[in-house]
Amino acid sequence: MNKPLIGAFFAALLLGAGITPAVAAGSAPAQESATETATETAPEAAPETAPAAKAVTFAGTVALSNCSGSVVRSPDSAPTDPALVLSNGHCLETGFPGPGEVLVDRPSTRTFTLLDAAGSGVGTLKASKIAYGTMTDTDLSLYELTSTYEQIESSYGIQALELETAHPVAGTAITVASGYWKRTYSCDIDGFVHQLKEGRWTWKDSVRYTPECQTIGGTSGSPVIDDATGKVVAVNNTGNESGQECTDNNPCEVDENGEVTVREGINYAQQTYNMVPCIGTGNKIDLDREGCGLPKP
């Protein structure tokens with residue numbers, strides 16, 4: 001995993017335990033229309049063009065003490081609901097959840113620095129609890145905040161990022177936006193991994209990036225944003241650093257037949273569409289809701 005940054009002592013523990021939230025440094029490349037004049041004969045209807053993709057910014061992303069994250073909402077979240085922050089399970093202040101471990105409704109007073117479009121910190125958000133966290137099948141955490149979406153928008157002019165409800169598609173242009181480093185990475189979804197194994201952990205149907213997304217420690221928990229829709233399709237979590245096979249910081253791919261593939265320098269994320277059905281009325285996590293794809297305790 002791309003290491004979380006939590007001080008020398010804890011960093012040493014992380015290296016020993018083996019998960020490194022992605023941390024990065026750098027900048028994202030920036031992102032023309034033509035018109036036709038009518039002839040003297042009957043004018044033809046202007047060809048339909050797809051709406052231009054909005055440039056991905058840092059608005060709605062957050063910086064944790066050791067990782068990145070984002071304020072997110074489901075399509076059904078109400079303005080008066082307590083807001084949710086999405087990050088990685090390995091970024092939890094309680095440490096890495098063990099294989100098979102699922103945390104639900106654990107008290108938390110963690111704070112997050114909210115960023116605006118330019119990446120400047122505009123305020124501090126506070127958690128009331130860890131609504132959900134795990135590193136089994138996926139690597140994600142959801143914090144419930146003490147602020148509602150409308151309170152955040154009223155105070156800071158920042159809207160939450162919306163979660164996509166459908167499985168992403170290979171070839172989609174994406175941006176990984178790291179609130180910790182205030183840096184973005186642009187690439188495409190290269191494909192999906194049946195099982196991604198790293199040390200003691202196994203994740204299912206992971207997103208594999210094309211090589212351009214060279215995420216690093218600290219970018220762990222960053223939202224992976226579909227450039228065309230602006231919606232969150234995954235959460236950034238790991239990469240193979242040195243070409244080792246299935247070790248800490250060196251995840252390997254395992255296909256349906258058990259064949260193992262190692263891709264040194266390639267990075268990965270965990271899909272988020274399957275958690276949307278788990279978000280019920282009032283933004284409460286309900287693992288028994290129809291369509292919920294998250295592991296249960």
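These notebook entries record what I looked up about one threonine and several salt bridges in a predicted model.

**Entry 1: threonine 61**

I began with the place of threonine 61 in the chain. This residue belongs to strand β1, which covers residues 61–63. I then asked whether threonine 61 is buried or exposed. Its relative accessible area is 0%, so threonine 61 is buried, since buried means under 20%.

Next I looked up the polar side-chain atom of threonine 61. A polar atom of this side chain lies 2.6 Å from the backbone oxygen of phenylalanine 58.

Which residues does threonine 61 touch, not counting those up to four places away in sequence? I noted Gly69, Ser70, Thr113, Leu114, Leu115, Ala177, Gly179 and Pro223.

**Entry 2: glutamate 144 and lysine 129**

I turned to the salt bridges, of which the structure holds 11. One of them joins glutamate 144 to lysine 129, with the closest N and O atoms 3.8 Å apart. This pair links distant parts of the chain, 15 residues apart: glutamate 144 sits in strand β7 (residues 140–148) and lysine 129 in strand β6 (residues 121–134). I recorded both glutamate 144 and lysine 129 as buried.

**Entry 3: glutamate 162 and lysine 231**

I then examined the salt bridge between glutamate 162 and lysine 231, where the closest N and O atoms are 3.7 Å apart. Glutamate 162 is in strand β8 (residues 161–162), while lysine 231 is in the loop between β12 (223–226) and β13 (232–239), so the pair ties together parts that are 69 residues apart in sequence.

How do the two residues count in terms of burial? Glutamate 162 has a relative accessibility of 19% and therefore counts as buried, the limit being under 20%. Lysine 231, at 25%, counts as partly exposed.

**Entry 4: arginine 208 and aspartate 190**

My next salt bridge was the one in which the side chains of arginine 208 and aspartate 190 meet, at 2.8 Å from N to O. Arginine 208 lies in strand β11 (residues 201–209) and aspartate 190 in strand β10 (residues 183–198), so this pair ties together parts that are 18 residues apart in sequence. Arginine 208 counts as buried because its relative accessibility is 10%. Aspartate 190 is partly exposed, with a relative accessible area of 38%.

**Entry 5: a network**

Finally, I asked which residues are joined into one network by salt bridges that share partners. I found Asp105, Lys129, Glu144 and Lys284. Two of these names, Lys129 and Glu144, form the salt bridge of my second entry.

Notes: Residues numbered from 1 in each chain as written. Predicted model: local features only at pLDDT ≥ 70, side-chain atom pairs only at ≥ 80, totals over all residues. Heavy atoms only, no water. Helix = DSSP H or I, 4+ residues; strand = E, 2+ residues; numbered from the N terminus. Buried < 20%, exposed > 50% of the residue type's maximum accessible area, 1.4 Å probe, protein only. Polar contact = N/O pair within 3.5 Å; in protein donor to acceptor, adjacent residues only side chain to side chain. Contact = heavy atoms within 4.5 Å. Salt bridge = Lys/Arg side-chain N within 4 Å of Asp/Glu carboxyl O.
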